[in-house]
Amino acid sequence: MSSLTPFKNLVHRRCGLHLEGLAEARLVKAVEALQTDTDISDTSKLIAQLEQNEAMFDRFISQLTVNETYFYREPEALHWLADTYLPRRLAEKGKPLAIFSAGCSSGEEPYSVAIALLERYGERAKQLFHITGGDVDQQVLSKAQKGIYSGMSFRALNPALKHRYFRPEGRRFKIDEALRQWVTFCSFNVLQPDADKLGPFDVILFRNVSIYFDEATRRDIQRHLKQLMEPHGVLMCGVTETLGNDLGILELQQAQGVFFFQESTLPSALPANDEPPYRDDPLPDPPVVSETPPQPPENDPEHKPMASFNEALQEAHHLLNQNAFLEAATLLSDLLAQQPWSVDALLLAGLVARWQQNFADAYDYFKRAIYVAPECWPAHFFQAELFRLGELSDAPGQRKRGYAAVIRLLDVSKQADGGLSVIAPPIPPGDAYFLATRYLGAQAATQGVG
């Protein structure tokens with residue numbers, strides 16, 4: 001047994017954190033710091049100290065998580081909450097609505113929600129909404145309560161919002177006092193939530209937190225969070241975590257390109273992976289031809305039905321390569337009806353839509369593919385191309401992120417399949433890497449930052 005195993009078991013039991021891979025290096029440093037502080041090297045005695053001394057355990061835990069967060073991270077979700085979901089929720093339920101940031105770290109997320117709501121509702125927001133942040137790490141909670149931040153926390157925040165809601169505090173910035181007092185913070189362990197003291201909440205944000213937990217623990221966490229949710233409330237995860245949290249506890253939904261979870265509306269007898277019947281604003285279906293070609297009778301010797309979903313995907317890929325876009329679109333529409341989250345089908349549907357000059361549809365298919373498989377570098381590449389070529393109104397920041405994602409993913413493996421399991425990448429990875437590097441460099445030079 002590794003000397004780290006007792007520490008891993010303690011942290012997993014108490015907090016659910018999964019300390020493997022890169023996280024193990026942080027554990028090694030935390031244990032070394034603990035040995036130095038206590039002048040104890042015996043593992044069993046250190047474990048006993050951690051079990052008995054809550055302040056020591058809190059300091060130990062604070063060294064094990066990255067606490068990488070910043071204001072207005074994934075702003076599409078914030079805008080959807082402020083402009084779409086919460087107004088509808090207010091009309092249905094009335095005020096006040098309760099919002100909870102679970103795993104809030106140093107507070108940037110709940111304060112971002114507060115800023116978005118003030119921008120949307122003005123001072124009325126403080127009567128309409130209660131905002132709470134919770135975290136197991138007492139040190140970052142203390143920072144959140146103080147509301148003082150340095151430069152990197154503002155890297156995605158509009159300068160006008162920074163000027164409006166923060167004031168200089170030496171070399172750092174302090175959040176507006178009235179806003180700071182509006183947002184409350186509490187100690188919160190996702191494995192041991194106190195439902196008697198917390199909730200119920202209309203919105204729970206659990207974004208960019210679940211990376212620290214294995215699947216079994218994420219399942220337990222979702223059960224706990226479900227108990228803290230109001231009926232018809234929503235749970236929101238980070239963009240790259242969405243599919244990793246589709247565990248059958250709550251039902252995956254989508255509205256205006258934003259994914260979230262709600263309590264299932266399906267009869268319990270149905271399989272958990274059935275397609276949700278409700279979509280507030282569904283991503284567009286693949287284009288279909290107005291007239292369905294006549295189907296040959298099943299006893300026709302020339303009629304050779306597809307033997308499998310994968311064979312049908314290969315056929316759609318062949319049709320695309322033959323410029324038979326209408327036929328490819330029809331086939332992909334059927335395939336996506338069967339498997340809405342097939343990365344291969346979504347990527348092909350995006351390429352077909354692009355060739356048919358349905359650029360907004362193409363963007364949405366590529367975006368959905370990235371939700372399913374963040375490692376899908378072809379989707380990142382072709383999404384960036386939509387902006388570079390002017391097929392969609394250019395968004396230099398988004399174009400830059402797309403090409404940068406291609407480079408980052410292919411730096412790990414120059415032959416990465418991009419999450420595709422059936423078709424080959426439509427562009428060779430070497431070509432994609434070369435072009436992404438070239439276009440990213442050209443953009444930097446144009447902006448004068450190269």
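Let's start with Phe-154, which counts as buried because its relative accessibility is 7%, and buried here means under 20%. Keep in mind that what you're looking at is a predicted model. Phe-154 isn't part of a helix or strand run; its place is in the loop between β3 and α9, the latter spanning 159-165.

So who surrounds this side chain? Leaving aside residues up to four places away in sequence, Phe-154 touches Phe-71, Tyr-149, Lys-162, Phe-166 and Phe-173. Phe-71 is a nice one to look up in the viewer: it sits 83 residues from Phe-154 along the chain, yet the two C-alpha atoms are separated by 5.8 Å.

Two of those neighbours lead us straight into a sheet. Tyr-149 stands opposite Phe-173, which belongs to β5, and both of these residues touch Phe-154. The strands involved, β3 and β5 (residues 172-175), pair in the antiparallel sense over two bridges. Zoom out a little and you find an open sheet of three strands, in the order β3-β5-β4, with antiparallel pairing. The edges are taken by β3 (148-149) and β4 (166-169); each has a single partner strand, so one side of each has no neighbour in the sheet. Phe-166, another contact of Phe-154, falls within the range of β4.

Now let's move along the chain to a pair of helices. The axes of α13 (residues 325-338) and α14 (residues 343-355) come within 10 Å and cross at roughly 150 degrees. This crossing is left-handed. On the α13 side, Phe-325, Ala-328, Ala-329, Leu-332 and Leu-336 make the contact, meeting Ala-345, Leu-346, Leu-348, Ala-349, Val-352 and Trp-355 of α14. Sorted by class, that gives 11 nonpolar residues, no polar ones and no charged ones.

Further on comes another helix pair, α16 (residues 377-388) and α17 (residues 396-412), whose axes come within 8 Å and cross at roughly 150 degrees. How do these two run relative to each other? Angles over 145 degrees count as roughly antiparallel, and α16 and α17 are therefore roughly antiparallel to each other. Their crossing is left-handed.

What does the contact between them look like? From α16 come Trp-377, His-380, Phe-381, Gln-383, Ala-384, Glu-385, Phe-387 and Arg-388, which meet Gln-398, Arg-399, Gly-402, Tyr-403, Ala-405, Val-406, Leu-409 and Leu-410 in α17. By class, this contact holds nine nonpolar, four polar and three charged residues.

Terms used. Residues are numbered from 1 along each chain as its sequence is written. This is a predicted model: local features need pLDDT of at least 70, side-chain atom pairs count only at pLDDT 80 or more; totals for chains, interfaces and linings use all residues. Side-chain values use heavy atoms; hydrogens and water are left out. Axes are lines fitted to C-alpha atoms, for helices over the stretch in contact, and angles run from 0 to 180 degrees between N-to-C directions. Helices (H or I, at least four residues) and strands (E, at least two) are DSSP runs, numbered from the N terminus. Angles under 35 degrees count as roughly parallel, over 145 as roughly antiparallel, 65 to 115 as roughly perpendicular and the rest as oblique. A crossing is left-handed if the near helix is turned anticlockwise from the far one by less than a right angle, and right-handed if clockwise. Contact means heavy atoms within 4.5 Å. Ala, Val, Leu, Ile, Met, Phe, Trp, Tyr, Cys and Pro count as nonpolar, Asp, Glu, Lys and Arg as charged, and the others, Gly among them, as polar. Two strands pair if DSSP finds at least two bridges between them. Buried means under 20% relative accessible area, exposed over 50%, partly exposed in between (1.4 Å probe, protein chains only).
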